[in-house]
Amino acid sequence: MRRETVTPASEAQREAWRSGGFPEVERVRPGVWSIPVPIPINPLRYVLVYALELPGGVAIVDAGWDTDEAYGALVAGLGVTGYEITDVRAVLVTHMHPDHYGLAGRVREASGAWIGLHPADARLLAGRYDESLVGDLVRRERGLLARSGVPEPSLDELAGASMMIRRFVSMARPDRLIEDGERLDLPGWDLRAVWTPGHSPGHLCFAEPERRLLFSGDHVLPRITPIVAVHPQSGPNPLADYLEALAAVGRLDVEEVLPAHEYRFLELAGRVGDVIAHHHERLAEIEAVVGAADGISCWDTATRLTWSRPWESIPSYMRRGANNETLAHLVWLEAAGRLRRVAGEPDLWFPA
């Protein structure tokens, strides 16, 4: 879903996003800074790292990809705020994806900061980024894609599609595991962890009740929706997890949302309602496609859905995400008793 239904909290930041530019380092409010860090070869272009001022240093929410360009931008951005990389005391990682976690280890090496991550994502790091283990992840992904009905000539390419981005991560074990509801030990802040699984099993948002802020990572964005997909490291029903967490976040008393991409925005509850409605529209569309076929694979279902561009023009590596996101919706419908699956290679889907 790509539509704007919220009020931007920063017109300059939104304009930078809309124009294809790069936003400035911004003082969000006293003690909080927004620092854009570039993402290579990615349409999102940058991740917004937030610096929270502490007595004698800063904590940052997310870090960026592990590239020299990204690290340089983070160092320069901190310089604008009056701090140096050696002043970082904590890296609060919303989730394990490379644009959020990739630089965490390098920041720790430079500053001695502690790295915090939810245990559900921490358990998956080695399987995702350890050179000796990723082969098993690719094999499992290939099996999932085969059961989805991906054509044989595309299986190997799609199964290994994400391997090219592993070089943007320096795997660093977290120093602290952050649990749902935990109050972070950051002087001057009442920062609470909110577990929001779906986009990743251990995705975290960070709420600051006194300032009425929500650092939302990828969980809630102002214009697009995060990928929620079934894959070898996902939960069994990630869309159900995501929608439940989204509804819970929507009940928080928040004035401003500070996401990891695009731009800061207001009206969290309204945005949450729109995203939930979008997923239910998608569920209905998928249910209709399955209902019109006499047994259909996940892959063939995905090819018949409405995307932001025609299926033929979607790059092959992005088709894997489209397939796995479609599978997440099929699994949700199966759990709700609205569809049934006949196992095979491929699995076939029918109305319940």
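This passage describes strand pairing, helix packing, nonpolar cores and unusual backbone geometry in one predicted model.

The model is predicted, so local features require pLDDT of at least 70 and side-chain atom pairs count only at pLDDT 80 or more, while totals for chains, interfaces and linings use all residues. Residues are numbered from 1 along each chain as its sequence is written, and side-chain values use heavy atoms, with hydrogens and water left out.

Helices (H or I, at least four residues) and strands (E, at least two) are DSSP runs, numbered from the N terminus. Two strands are paired if DSSP finds at least two bridges between them. One open sheet holds four strands in the order 8-9-10-11. Its pairing is mixed. Strand 8 (192-195) and strand 11 (256-259) are at the edges. Each has a single partner strand, so one side of each lacks a neighbour in the sheet. Neighbouring strands of this sheet are turned by 25° against each other on average, direction ignored. Axes here are lines fitted to C-alpha atoms, for helices over the stretch in contact, and angles run from 0 to 180 degrees between N-to-C directions. Strand 9 (residues 204-208) pairs with strand 10 (residues 213-217) in the antiparallel sense, over three bridges. Within strand 10, Leu-213 stands opposite Glu-208.

Parallel pairing occurs around strand 6 (residues 114-117). Strand 5 (residues 88-92) pairs with strand 6 in the parallel sense over three bridges. Ala-90 has Trp-114 of strand 6 as its bridge partner. Strand 6 also pairs with strand 7 (residues 176-177), again in the parallel sense, over two bridges. There, Leu-177 in strand 7 is the bridge partner of Leu-117. In a regular strand, side chains alternate between the two faces of the sheet. Both faces of strand 6 are covered. Trp-114 and Gly-116 are buried on one side, Ile-115 and Leu-117 on the other. Buried means under 20% relative accessible area, exposed over 50%, and partly exposed in between (1.4 Å probe, protein chains only).

A nonpolar core is a set of buried Ala, Val, Leu, Ile, Met, Phe, Trp, Tyr and Cys residues joined through side-chain atoms within 4.5 Å. The largest such core has 63 residues. Val-91, Leu-92, Leu-186, Phe-206 and Phe-215 touch the most other members. Strand 3 (residues 46-54) contributes the largest share, eight residues. Another core, of 47 residues, lies apart from it. Val-150, Val-257, Ala-293 and Trp-311 are among its members.

Contact means heavy atoms within 4.5 Å. Neighbours within four places in sequence aside, the contacts of Leu-92 include Ile-60, Trp-114, Leu-186, Leu-191 and Phe-206. Leu-191 is located in the loop between strand 7 and strand 8. Its relative accessibility is 0%, so Leu-191 counts as buried. With the same sequence neighbours left aside, Leu-191 is in contact with residues including Leu-52, Leu-92, Leu-186, Phe-206 and Phe-215. The C-alpha atoms of Leu-191 and Pro-209 are 7.5 Å apart in space, and the two residues are 18 apart in sequence.

Thr-196 lies in the loop between strand 8 and strand 9. Thr-196 is also buried, at 0% relative accessibility. Residues up to four places away in sequence not counted, Thr-196 touches His-203, Leu-204, Cys-205, His-219, Ala-245 and Val-249.

Helix 9 (residues 238-250) packs against helix 12 (residues 316-335) at an angle of about 85°. Their axes are 7 Å apart. Helix 9 is therefore roughly perpendicular to helix 12. Angles under 35 degrees count as roughly parallel, over 145 as roughly antiparallel, 65 to 115 as roughly perpendicular and the rest as oblique. Pro-238, Leu-239, Ala-240 and Leu-243 of helix 9 meet Ala-328, His-329 and Trp-332 of helix 12. By class, this contact has six nonpolar residues, one polar and no charged ones. Ala, Val, Leu, Ile, Met, Phe, Trp, Tyr, Cys and Pro count as nonpolar, Asp, Glu, Lys and Arg as charged, and the others, Gly among them, as polar.

Most residues other than glycine have a negative phi, and most peptide bonds are trans. Phi of Glu-262 is near 70°, a positive value. Phi of Glu-267 is near 65°, also positive. Glu-262 is found in the loop between strand 11 and helix 10 (268-291). Glu-267 is placed in the loop between strand 11 and helix 10. Glu-262 is buried, with a relative accessible area of 0%, whereas Glu-267 is partly exposed, at 38%. The peptide bond from Glu-345 to Pro-346 is cis, with omega near 15°. Pro-346 sits in the loop between strand 12 (339-342) and strand 13 (348-351).
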